[in-house]
Amino acid sequence: MAFLDRDGTLVEERGYLRSIDDLVLLPRAGAAVRWLNERGVAAVLTTNQSGAARGFYASSHIDALHARLVALLAQEGAHLDDVRVCRHLPPEEGGVVSPFNVSCRCRKPGPGLVEDAVAALDLDLSRAFVVGDKPADVGLGVGLGLPVALVLTGYGKTTARVGASVVVDDVLDAVMWGAA
Ligand SMILES: [Mg+2]
Ligand SMILES: [Zn+2]
């Protein structure tokens, strides 16, 4: 199974997406997810989304963004097997809106999103890998003992690479590496 970050990995990094129209697939993201689908490798979105906790938009807006993501992927013949979102941010980091302004076990690099997906899909982690553009993604994999592909999209060009198993141009190269 592949644990795929959203912003800067599957979609363009544009900061907090206050408008649905701001969610735009990166050029080879659809091909990457379809590549996993065709090989029977579970594609799981694992994303930190603190915009609701910060009061930028309603929690339901995050769901609407993911409905658009699912629709855009479908246009390319691709689908996500699971969508796992951390909506939390502790108060000391700027979370102001209850019930999301709490510390949690699911905010990457914490393991909660992966653990919940593994339980829900009844899959084992032995061939799993993480793809992302930030230290939180690398930390997720390192903490769970999973290989991590750091992509050079999003923040990837300027992110510290310590802990990454491989550095690749984008998410298609990442999944072809991880699920080879
Ligand atoms: Mg990202
Ligand atoms: Zn969380």
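In this predicted model, the buried residues of helix H4 are Asp-137, Val-138, Leu-140 and Gly-141. Viewed down the axis of H4, these buried residues fall within an arc of 155 degrees, so they line one face of the helix. The pattern fits a familiar rule of helix geometry. An α-helix has 3.6 residues a turn, so residues three or four places apart point the same way. The partners of this face are easy to find in the structure: the buried residues of H4 pack against helix H3 (112-121), S4 and S5. Just after H4 comes Gly-145, which has a positive phi, near 75 degrees.

The sheet behind this helix is the next feature to consider. Its 6 strands form an open sheet in the order S3-S2-S1-S4-S5-S6, and the pairing is parallel. At the edges lie strand S3 (82-86) and strand S6 (166-168), each of which pairs on one side only. From one strand to the next, the twist averages 25 degrees. Helix H4 (residues 135-144) packs on this sheet, where it touches S2, strand S4 (129-132) and strand S5 (148-151). The direction of H4 makes about 170 degrees with that of S5.

Strand S1 offers a convenient place to follow the pairing residue by residue. Strand S1 (residues 2-4) is joined to strand S2 (residues 43-48) by 3 bridges, and the two run parallel. S1 is also joined to S4 by 3 bridges, again in parallel. Phe-3 takes part in both pairings: its bridge partner in S2 is Val-44, while its partner in S4 is Val-130. Further along the sheet, 3 bridges connect S4 with S5, which run parallel, and Gly-132 stands opposite Leu-150 in S5.

Strand S4 is covered on both faces. Phe-129 and Val-131 lie on one side and Val-130 and Gly-132 on the other, and all four are buried. Val-131 reappears in the largest nonpolar core, which has 44 residues. Those with the most contacts inside this core are Ala-2, Phe-3, Leu-4, Val-44, Val-131 and Val-171. Of these, Val-171 is worth a closer look on the screen. Setting aside residues up to four places away in sequence, Val-171 touches Leu-4, Thr-9, Leu-10, Leu-26, Arg-28, Ala-29, Ala-32, Val-131 and Val-151.

A contrasting setting is found at Pro-27, in the loop between S1 and helix H1 (29-38). Pro-27 has 13 other C-beta atoms within 10 Å and is partly exposed. Although Pro-27 and Glu-12 are 15 residues apart in sequence, their C-alpha atoms are 9.1 Å apart in space.

The overall architecture can now be put together. The protein comprises 5 helices and 6 strands, and from the N terminus on its elements run β-α-β-α-β-α-β-α-β-β-α. The C-alpha trace spans about 45 × 35 × 35 Å along its principal axes. For 180 residues, a compact globule would have a radius of gyration near 16 Å, and the 15 Å of the protein agrees with this. Buried residues make up 43% of the 180 residues. Among contacts with a separation of 6 or more, 62% are between residues 24 or more positions apart.

Definitions and conventions: Residues numbered from 1 in each chain as written. Chains lettered and ligands numbered in written order. Predicted model: local features only at pLDDT ≥ 70, side-chain atom pairs only at ≥ 80, totals over all residues. Pairing = 2+ DSSP bridges. Axes fitted to C-alpha atoms, helices over the stretch in contact; angles between N-to-C directions. Contact = placed C-beta atoms within 7 Å. Buried ≥ 20, exposed ≤ 12 C-beta atoms within 10 Å, placed from the backbone. Arc of directions from axis to C-beta. Core = buried A, V, L, I, M, F, W, Y, C linked by C-beta atoms within 7 Å. Rg over C-alpha atoms; globule rule 2.2 N^0.38 Å.
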